[in-house]
Amino acid sequence: MKSCAISLAALVAASAFADPNTMPLEEVASRIPHETSEETAARLSWWTEARFGMFIHFGLYAMPARHEWIRNYEEISNEDYEKYFERFDPDLFDAGEWARAAKAAGMKYVVLTTKHHEGFCMFDSKVTDYKITNTPFGRDLVAEFVEAVRAEGLKVGFYYSLLDWHHPDFTVDGLHPLRNGDVDKLNEGRDMARYRQYMKDQVTELLTNYGKIDIMWFDFSYPRNDKWGKGRDDWDSPGLLTLARTLQPGIIVDNRMDLNDVENGFDFMTPEQFKVTEWPTHNGRRHPWETCQTFSGSWGYFRDETSWKSDAQCLDLLISTVAHGGNLIMNVGPTARGEFDGRARERLDGYGRWMHANSRSIYGCTEAPEGFEAPEHSVLTYNPKTNRLYIHLFHYPAGQLGVKFGSRIAYAQFLHDGSEIQVKPMPDWQAKASDSTGYDSYLNFPVLKPAVEIPVIECYLK
Ligand code: GLC
């Protein structure tokens with residue numbers, strides 16, 4: 001996010017020294033449904049088991065194809081943005097294809113932008129004309145999406161932007177496309193109370209008209225104690241969250257409503273676009289977390305972007321995330337014709353090929369128990385239910401690989417083909433020659449690396 005030379009991290013940091021919210025914390029907390037941490041864990045269990053989902057960012061911004069923040073970056077007014085609305089027609093859109101692509105990649109849930117910051121609604125909302133059914137496309141894309149995703153046995157999620165750069169009541173702030181205009185004048189007559197009601201009406205539509213919705217992904221807050229930012233008072237976050245939980249009791253909600261300091265104010269943390277290297281904590285507590293990542297940098301379709309990650313980099317993100325107890329949600333930005341473009345499809349295929357034979361090291365897995373140190377150039381995951389440990393070989397060893405937990409391994413095999421990997425005790429003379437290493441055993445590898453991007457050793461533990 002480059003706009004105004006301000007990153008999301010900077011926004012969040014800036015908000016740390018100024019709490020603009022006026023509602024007392026106890027009051028905020030009292031308005032949110034209470035739940036014990038055991039109840040929360042049970043509600044989230046399918047999600048923590050799933051580990052891997054797909055994000056889809058689709059909206060009018062697919063047409064300019066140069067970032068979903070284009071309205072902010074290029075300071076585009078409603079009027080100048082209208083040319084996309086008038087011509088939006090993703091004629092190649094096939095919800096079934098999207099859902100099948102997610103499933104083939106090994107993903108277990110799909111979260112779609114129902115409205116992004118541009119304000120355009122991908123569903124047939126009764127409270128606005130600025131919606132997909134009023135474009136040449138004319139169909140409720142959200143409805144088709146929900147049905148197709150469910151038909152593939154995947155869970156359904158809605159992303160909903162708290163920001164809205166099109167709505168006439170959304171006040172012009174530091175991120176708004178019109179921020180460099182006469183802000184006071186522009187804000188005359190704008191009424192955030194009406195906008196709050198608009199959001200509630202839309203969340204009610206989304207969580208009433210489309211059956212069971214599994215995830216609600218609200219995005220995002222940038223609280224400041226001046227006109228510049230917006231936070232939980234501006235959104236009425238406790239009200240919105242309570243509404244979501246009431247309409248869909250099982251729903252899982254992210255942490256971008258500015259309720260991080262409130263008990264039960266969110267379900268999971270959302271580190272964005274950086275590789276997490278240890279389980280994130282908040283107030284000293286480990287929370288469920290999901291990192292959201294892109295293949296190439298932007299979330300919406302960006303025609304000229306060349307910074308596409310390799311298959312190995314994409315797999316690294318997935319494996320390393322699970323290794324620290326998190327979920328990965330990987331994004332696709334469909335083209336203005338409504339398809340996943342070739343570069344996205346290639347990367348999804350990369351996931352699919354690997355997951356086909358290696359998903360056992362991902363689903364239901366988490367951080368390795370204490371005392372298991374990852375061997376050189378490898379990353380560990382662990383399935384507590386089956387008591388199996390997975391060694392992901394990011395760099396294929398030349399022959400043997402020393403391990404410090406060999407005495408705990410009952411049997412080891414390559415995960416992709418189930419062929420045995422022998423575990424040999426470190427010979428005495430070896431141990432003596434290098435007694436500083438602490439290895440008790442070594443795994444004996446074939447010299448040739450198998451044809452798997454990142455080979456995995458599955459260890460049955462004693
Ligand atoms: C950010 C961006 C946005 C994207 C989102 C996904 O907050 O504003 O464009 O939708 O992150 O996590």
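Let's start just past the end of a helix: H13 is followed by Gly 325, a residue with a positive phi, near 80°. Keep in mind as you look around that this is a predicted model.

Now step back into the helix itself. H13 covers residues 311-323, which makes 13 residues. How far apart should its ends be? At 1.5 Å a residue, the expected span is 18 Å, and the end C-alpha atoms are indeed 18 Å apart, so the two values agree.

Is H13 mostly enclosed or open to the outside? Ten of its 13 residues are buried, so the helix is largely enclosed by the rest of the structure. If you want to find the buried ones, look for Cys 314, Leu 315, Asp 316, Leu 317, Leu 318, Ile 319, Ser 320, Thr 321, Val 322 and Ala 323. And what do they pack against? Their partners include helix H14 (342-358) as well as several strands, among them E1 (52-56), E8 (290-294) and E9 (327-332). Strands E10 (378-383) and E11 (388-393) are also on that list.

Let's zoom in on one residue of this helix. Thr 321 lies in H13, and its relative accessible area is 5%; buried means under 20%, so Thr 321 counts as buried. Leaving aside neighbours within four places in sequence, Thr 321 is in contact with Trp 289, Thr 291, Asp 316, Gly 326, Asn 327 and Leu 328.

For another setting, hop over to Asn 260. You'll find Asn 260 in the loop between strand E5 (252-253) and strand E6 (281-282). Its relative accessibility is 28%, so Asn 260 counts as partly exposed. Again skipping neighbours within four places in sequence, Asn 260 is in contact with Asn 255, Phe 266 and His 282. Here's one more thing to check on screen: Asn 260 and Asn 283 are 23 residues apart in sequence, and their C-alpha atoms are 9.4 Å apart in space.

Last stop, the ligand. Which of the 14 residues around the ligand come nearest? They are His 57, Glu 68, Trp 69, His 116 and His 117. Some side chains here have an N or O atom facing a ligand oxygen at a short listed distance: 2.5 Å for His 57, 2.7 Å for His 117 and 2.9 Å for Trp 69. Taken alone, the ligand exposes 310 Å², and the protein buries 100% of that. Sorted by class, the shell around the ligand has seven nonpolar, three polar and four charged residues.

Key. Residues numbered from 1 in each chain as written. Predicted model: local features only at pLDDT ≥ 70, side-chain atom pairs only at ≥ 80, totals over all residues. Heavy atoms only, no water. Near = heavy atom within 4 Å. Polar contact = N/O pair within 3.5 Å; in protein donor to acceptor, adjacent residues only side chain to side chain. Areas by Shrake-Rupley, 256 points an atom, 1.4 Å probe, with all protein chains shown as cover. Nonpolar A, V, L, I, M, F, W, Y, C, P; charged D, E, K, R; others polar. Helix = DSSP H or I, 4+ residues; strand = E, 2+ residues; numbered from the N terminus. Expected span 1.5 Å × (residues − 1). Buried < 20%, exposed > 50% of the residue type's maximum accessible area, 1.4 Å probe, protein only. Contact = heavy atoms within 4.5 Å.
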